Amino acid sequence: MKQHALQTALTLYQGGTLDAETAAKKAGISPERLQRAVERAGGTLGTPTASPKRISVGAD
């Protein structure tokens with residue numbers, strides 16, 4: 001079960017769905033464990049980035 005949680009966190013992080021800390025929390029594992037898994041997969045933990053562009057939102 002723990003391996004499944006780790007895989008879920010790794011997928012959520014690598015897919016860009018969640019930042020590393022949130023992915024680890026949601027999967028119930030430590031951020032350090034997720035970091036080790038990312039490094040084993042050949043990646044690195046980056047900092048989340050946000051787009052500074054404004055978007056238009058409207059209602060009909």
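This is a brief walk through the fold, the core and one loop residue of a predicted model.

Start with the fold. The protein has 3 helices and 0 strands, so there is no sheet to discuss and the order from the N terminus is simply α-α-α. Of the 60 residues, 22% count as buried. The exposed surface comes to about 4,900 Å², with carbon and sulfur atoms supplying 52% of it. As for contacts with a separation of 6 or more, 45% of them are between residues 24 or more positions apart.

Now the core. The largest nonpolar core has 13 residues. Ala9, Tyr13, Ile29 and Leu34 have the most contacts inside it. Helix 1, residues 2–14, helix 2, residues 20–27, and helix 3, residues 31–40, each supply at least two residues of this core. Helix 1 gives the most, with 5 residues. In soluble globular proteins, nonpolar side chains tend to be buried together.

What is Leu34 in contact with, leaving aside its neighbours within four places in sequence? The list is Leu6, Ala9, Leu10, Tyr13, Ala20, Ala23, Ala24 and Ile29.

Last, the loop residue. Asp19 lies between helix 1 and helix 2. Is Asp19 buried or exposed? Its relative accessible area is 31%, and because buried means under 20% and exposed means over 50%, Asp19 is partly exposed. The Asp19 side chain reaches the backbone nitrogen of Glu21 at 3.2 Å. Asp19 also makes a side-chain to side-chain polar contact with Thr22, at 2.7 Å. Going back to the core, Ala9 is 10 residues from Asp19 in sequence, and the C-alpha atoms of the two are 9.6 Å apart.

Conventions
Residues numbered from 1 in each chain as written. Predicted model: local features only at pLDDT ≥ 70, side-chain atom pairs only at ≥ 80, totals over all residues. Heavy atoms only, no water. Helix = DSSP H or I, 4+ residues; strand = E, 2+ residues; numbered from the N terminus. Buried < 20%, exposed > 50% of the residue type's maximum accessible area, 1.4 Å probe, protein only. Contact = heavy atoms within 4.5 Å. Areas by Shrake-Rupley, 256 points an atom, 1.4 Å probe, with all protein chains shown as cover. Core = buried A, V, L, I, M, F, W, Y, C linked by side-chain atoms within 4.5 Å. Polar contact = N/O pair within 3.5 Å; in protein donor to acceptor, adjacent residues only side chain to side chain.
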